[in-house]
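Please open the model in your viewer and keep the sequence panel beside it. The tour below goes from one selection to the next and says what is there.

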Amino acid sequence: MRRVFYGGFSVCLIAILAVVISHPQNNLIPGKLFLYTLVWVLILCGMKALLSLMERYLVKKGLNVEKLSRTGLILYLIFYGIALYIVSLILRSYPITDYGNVYHTAYNLATGQAVEDWNYFSMWTNNLGILSILVFCMRIGVLLGFSDPYYFVLALNVLQMTAVMLSIFYLAGKIGNKRICVQWFAVFVFTLWTPVWASTGSFYSDQFSFGSSIIAMALFLFGCGLRGKKKWFVLAAAGVVWGIGIAAKATAAVGVIALVIAMLMAGKRGRQLWREMLTLGLLTVLSMGLLLEVSDHYPSKADEYRLETPTEYWIAMGLMGNGTYADNAYLIKECNYSKNVDKRREFCRRMIRENWTNLFDRKHLVDKTSVIFGEGSISPTSHMYPYEESLLWHFVYWEGDYYWQYCCLSTGFFYAILFSTLAGTLFRTFKKEENEFVFMSYLTVFGLFLFLMLWEAQNKQLYNHIPWMTITAVCGLESLGDCVIMTISRLRDSRVDREKGRRVHAGK
């Protein structure tokens with residue numbers, strides 16, 4: 001069954017790569033983009049080989065590699081956190097659009113100012129969870145004496161990113177037989193994601209759900225290896241972290257679904273963890289429920305029936321045109337003029353019934369795939385109004401002087417990640433997969449891709465699954481390395497056999 005999944009995912013990844021390399025976004029040139037992707041793949045392979053040689057050299061010298069790795073990781077995390085904080089301050093921009101509505105409302109609530117207009121949250125109830133989280137973080141910053149709580153919340157967001165890096169380091173040990181070079185390779189791959197450097201300084205749902213599932217998964221696997229009260233405390237913490245992430249953005253739940261499927265397919269090994277899974281699930285639901293309860297007490301609740309946007313709205317949008325707001329003027333207009341949520345829901349359901357066959361329409365699928373995966377900036381926020389223009393800002397802003405170069409760099413890297421993931425799925429299509437965590441990682445990435453093809457088309461929706469794509473890319477390049485080693489070994493054995501045959505023949 002797993003091989004069927006990997007085979008199907010391989011076909012999907014081949015189709016995605018074929019579409020995006022031939023139909024990229026942002027005026028990117030297909031030929032050059034193919035070259036940039038190839039260069040990135042070679043850089044990643046070279047980096048992996050160099051780390052492997054370095055580990056062998058240190059072991060041969062008799063050094064304590066694990067101790068050196070732990071010390072190096074601490075120093076690297078500190079350096080990464082400081083650098084990310086400074087870059088985020090340089091790129092700080094005035095909050096606009098949805099992020100602006102959330103940020104300014106949270107700021108007013110945290111500083112005790114009046115919020116005069118709640119219409120935005122009556123309409124977009126999906127952002128109430130992130131509002132509660134941001135208000136809580138800002139209030140702590142205000143209590144600690146920050147005149148501008150932005151600096152405190154940024155510190156929390158940077159801490160989240162370092163926790164993600166630490167989690168990736170730990171989880172990479174589960175896929176590389178605890179080889180330290182694999183763990184460090186995963187850390188470096190994560191470091192190279194330019195969207196993280198460009199978007200950590202904003203606090204929208206994509207950023208606040210970024211680390212929840214990967215951190216929770218690391219806590220879950222770590223907790224399963226403990227005993228006594230510590231075990232259940234860590235598992236409970238994993239559930240709380242995952243629940244908060246889902247409350248911030250629903251796509252964080254994709255990992256939970258993938259974990260459940262992986263455990264069900266694990267047979268006896270999965271059933272042995274039923275208590276751990278139950279603890280994780282209960283705490284996830286409880287933390288989500290607590291945030292939903294807080295959301296029910298906002299003044300926006302009073303006008304939700306008149307203004308709320310139903311879930312069917314994004315599904316209908318995803319089925320029409322290329323799945324974007326720009327290509328769905330009719331849907332948006334009709335929903336805006338509807339009297340209440342029931343009318344909007346009825347209209348959206350009619351649009352779904354009339355357009356569901358687009359799921360099998362080649363043009364719709366190609367256009368939508370190009371929108372979602374066609375470039376690698378994966379930016380969940382706008383850098384339109386910087387606090388101060390800088391060289392970095394001219395790289396990440398879509399009208400900046402160097403944005404095209406930045407887009408080539410980030411997109412080439414993103415496609416290299418997709419290619420590496422494909423290498424892993426192809427390898428596992430022909431080889432039995434025994435590692436539940438690896439299977440769960442690929443399921444998570446596949447689940448997100450499938451969801452996006454059924455939902456509104458936005459490139460930024462990939463952002464909070466960057467940690468999982470890092471894991472699958474590392475798994476893929478590990479598989480690619482294994483294939484190369486196996487091929488070299490077979491060629492060497494074949495040559496030895498031929499030489500033996502010649503000696504025997506000469507002896508006769």
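Select Y6. In this predicted model, Y6 has a relative accessibility of 0%, so Y6 counts as buried. Y6 is part of helix α1, which covers residues 2-22. Now add R428 to the selection: R428 is 422 residues from Y6 along the chain, yet the C-alpha atoms of the two are separated by 6.3 Å.

Keep Y6 and show the rings around it. Y6 belongs to a cluster joined by ring pairs, with F5, F9, F373, F439, Y442, F446 and F449 as the other members.

**The whole chain**

Zoom out and switch to a cartoon view. The chain has 24 helices and 0 strands. Its radius of gyration is 24 Å, close to the 23 Å that the globule rule gives for 508 residues, so the chain is as compact as a globular protein of that length. The C-alpha trace spans about 95 × 55 × 50 Å along the principal axes. If you colour by accessibility, buried residues make up 53% of the 508 residues.

**Aromatic pairs**

Next, show the side chains of the aromatic residues. How many aromatic pairs does the structure hold? There are 44 aromatic pairs. For one of them, select Y76 and W184: the ring centres are 5.8 Å apart and the planes stand at 85°, so this pair is edge-to-face. The pair links distant parts of the chain, as Y76 is in helix α3 (residues 65-90) and W184 is in helix α8 (residues 180-191), 108 residues apart. Both Y76 and W184 are buried. In general, the distance of the centres and the angle of the planes describe a pair of aromatic rings.

Stay on helix α8 and select T191, which lies in that helix. T191 has a relative accessible area of 15%, under the 20% limit, so T191 is buried. Add F419 and draw a line between the C-alpha atoms: T191 and F419 are 18 Å apart in space and 228 residues apart in sequence.

**The cavity and R92**

Turn on a cavity display if your viewer has one. A probe the size of a water molecule, rolled over the atoms, shows where empty space is left. The structure holds 1 cavity of 30 Å³ or more. The largest cavity has a volume of about 70 Å³. To find it, select its lining: S88, L91, R92, S93, Y150, A198, G201, S202, S382 and H383. Which kinds of residue make up this lining, nonpolar, polar or charged? The lining divides into 3 nonpolar, 6 polar and 1 charged.

Now keep R92, one of the lining residues, and show Y151 and Y387 with it. The charged end of R92 sits over the ring of Y387, 4.3 Å from the ring centre. R92 also lies over the face of Y151, at 5.6 Å from the centre of that ring.

**Two positive phi angles**

Most residues other than glycine have a negative phi. Select T97, which has a positive phi of about 50° although it is not a glycine. T97 is in helix α4, residues 97-110. Is T97 buried or exposed? With a relative accessible area of 56%, over the 50% limit, T97 is exposed.

Move on to I378. I378 is not a glycine either, and has a positive phi of about 40°. I378 sits in the loop between α20 (362-373) and α21 (391-396). At 0% relative accessibility, I378 counts as buried.

**Last stops**

Select L409 in helix α22, residues 403-430. L409 has 41% relative accessibility, and therefore counts as partly exposed. Add R179: L409 and R179 are 230 residues apart in sequence, and their C-alpha atoms are 29 Å apart in space.

Finish at I466, in helix α24, residues 466-507. I466 is buried, with a relative accessible area of 0%. Add I214 and check the C-alpha atoms: I466 and I214 are 9.8 Å apart in space, with their positions 252 residues apart in sequence.

How values were computed: Residues numbered from 1 in each chain as written. Predicted model: local features only at pLDDT ≥ 70, side-chain atom pairs only at ≥ 80, totals over all residues. Heavy atoms only, no water. 1 Å grid on protein atoms, 1.4 Å probe; cavity = no way out; pocket = protein on both sides within 12 Å on 5 of 7 lines; lining within 4 Å. Points joined across faces, edges and corners; volume = space filled by probe spheres on them. Nonpolar A, V, L, I, M, F, W, Y, C, P; charged D, E, K, R; others polar. Phe/Tyr/Trp six-rings, centres within 6.5 Å; stacked < 30°, edge-to-face > 60°. Helix = DSSP H or I, 4+ residues; strand = E, 2+ residues; numbered from the N terminus. Buried < 20%, exposed > 50% of the residue type's maximum accessible area, 1.4 Å probe, protein only. Lys NZ or Arg CZ within 6 Å of the ring centre and 35° of its normal. Rg over C-alpha atoms; globule rule 2.2 N^0.38 Å.
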